[in-house]
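Subject: the structure I promised

Hi,

Here's the structure I said I'd send over. Have a look at it first, then read my notes underneath.

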Amino acid sequence: MSPRLVPLSLISAAIIFTTPAAAQRAQSADCAMRDSARFGEHLGIEESVHARFHVEIAADGLDLPWGMVFLSSTEALITEKHAGCITRANLETGHLTPLQNAPAVYGKGGAGMLDIELHPDYRTNGWIYFSYSIDTEAGTTLVVDRARLDGDSLAGRERLFTVRPAVRDSDNHHGGRLALKDGYLFITMGERYDLKEDAQGLDTHHGKVIRIFDDGRVPEDNPFVNTPGALPEIWSLGHRNPQGMTLNPLTGVIWEHEHGPKGGDEINIIRRGVNYGWPAITYGREYSGEKMGNGLTRMDGMAQPVYYYIPSIAPSGMDFYTGDAFPGWKGNLFIGAMAKTHLNRLVLEDNRIAREERLLGDFNWRVRAVREGPDGFLYLAVDEGLILRLRPAGIDEQ
Ligand SMILES: [Ca+2]
């Protein structure tokens with residue numbers, strides 16, 4: 001067989017095989033146009049203390065949906081973690097259209113195409129922000145880009161931030177949640193699991209919340225800009241594996257949550273220059289059950305969490321509910337739970353958590369993302385590949 005007759009499939013397989021990281025995929029390969037086979041399926045009526053609601057499938061067939069943001073009341077952009085896609089979902093038909101011209105993504109373990117957010121002025125400037133993992137000569141790391149939509153293609157993509165340093169042989173704790181506020185972009189970054197002491201070091205982005213301007217510049221008033229040896233993008237430190245961050249639109253305060261080790265998942269309010277304690281203090285233990293370090297839960301100069309979970313629920317995604325469809329949920333904080341599969345509803349009193357309710361536990365979904373839609377309904381993305389819509393049910397509805 002002459003070389004030019006080698007089947008294309010073998011050539012592309014050889015190219016993929018000789019790429020430094022087999023898990024780093026060019027877009028296209030796993031990102032195909034699809035219909036949702038179970039679109040519109042009604043899964044029942046559920047009860048909350050303050051609401052009664054339908055659970056129905058708005059899309060399915062997604063590969064580990066991780067981030068979700070609404071373009072309109074009928075369309076969302078959804079990231080698919082390991083496949084590395086940003087997929088446009090039509091929530092009136094269930095049709096899924098992966099965006100063209102997306103970057104190559106390293107997708108494995110906690111690494112992949114992660115969060116996605118719109119600029120607060122998206123209607124006028126069109127900027128879409130997204131975080132994802134890449135493989136480099138020095139190892140894997142997290143980056144944040146922004147781009148605009150041109151039809152179903154990403155256009156004018158710009159690199160805004162790269163987590164330093166890259167690390168070899170760790171696919172864990174890539175963080176990656178994004179929040180935009182007042183011209184600033186906040187980014188969460190995990191401590192890569194094996195490097196937990198990095199969470200206390202100011203010479204690395206691991207275990208930090210980052211604050212940059214929405215165009216990537218570093219603000220002069222960041223807390224460690226004038227600290228010798230410190231990375232100037234750092235906003236707060238002492239974080240373990242933050243997989244949730246959101247702005248409370250009612251107060252302007254940024255909330256975050258992070259996985260503890262065995263127990264000790266935390267909810268924190270993110271403030272300038274604050275040390276949130278990991279790994280020096282924690283309410284969790286080693287996975288073996290041993291005390292973490294010297295077993296301390298408090299230390300001077302380190303913040304206590306607003307709330308913590310024992311045992312761990314493995315939180316992911318978070319959103320404040322501000323809509324009108326569920327009056328009884330107004331101002332509540334919703335968080336996905338993956339290990340203790342449910343939707344976590346938290347009632348706030350000022351900046352404290354007063355009560356907690358666990359919803360949808362019987363479905364055994366690993367709830368990865370939660371988001372209020374423009375229609376005031378609540379939407380969930382779950383590891384099982386579904387987008388669920390929670391819609392109010394009348395008292396008499398069955
Ligand atoms: Ca902490």
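Below is what I found, going through some strands and then the core. Keep in mind that this is a predicted model.

Let's start with an open sheet: 4 strands, in the order β21-β22-β23-β24, with antiparallel pairing. β21 (315–320) and β24 (352–359) are at the edges with a single partner strand each, so one side of each has no neighbour in the sheet. On average, neighbouring strands here are turned by 25° against each other, ignoring direction. If you want to see one pair in detail, try β23 (residues 342–349) and β24, which are joined by 7 bridges. Glu349 sits opposite Arg352 in β24.

Next, find β19 (residues 265–269). In this strand 4 of the 5 residues are buried, so β19 is largely enclosed by the rest of the structure. β19 pairs with β18 (residues 254–259) over 4 bridges, antiparallel, and Glu256 faces Asn268 there. The hairpin of these two strands has 5 residues in between, and Gly263 takes a positive phi near 80°. β19 also pairs with β20 (residues 307–309), antiparallel again, over 3 bridges; here Asp265 is opposite Tyr309.

Now the core. Nonpolar side chains tend to be buried together in soluble globular proteins. The largest nonpolar core in this model has 85 residues, and Phe186, Val370, Leu380 and Ile387 touch the most other members. Strand β26 (residues 378–382) gives the largest share, 5 residues. Which residues does Val370 contact, leaving aside neighbours within four places in sequence? Among them are Met318, Phe334, Leu343, Leu378 and Leu380.

Cheers

Terms used
Residues are numbered from 1 along each chain as its sequence is written. This is a predicted model: local features need pLDDT of at least 70, side-chain atom pairs count only at pLDDT 80 or more; totals for chains, interfaces and linings use all residues. Two strands pair if DSSP finds at least two bridges between them. Axes are lines fitted to C-alpha atoms, for helices over the stretch in contact, and angles run from 0 to 180 degrees between N-to-C directions. A nonpolar core is a set of buried Ala, Val, Leu, Ile, Met, Phe, Trp, Tyr and Cys residues joined through C-beta atoms within 7 Å. A residue is buried if 20 or more other C-beta atoms lie within 10 Å of its own, exposed if 12 or fewer, and partly exposed in between; C-beta atoms are placed from the backbone. Two residues are in contact if their C-beta atoms, placed from the backbone, lie within 7 Å.
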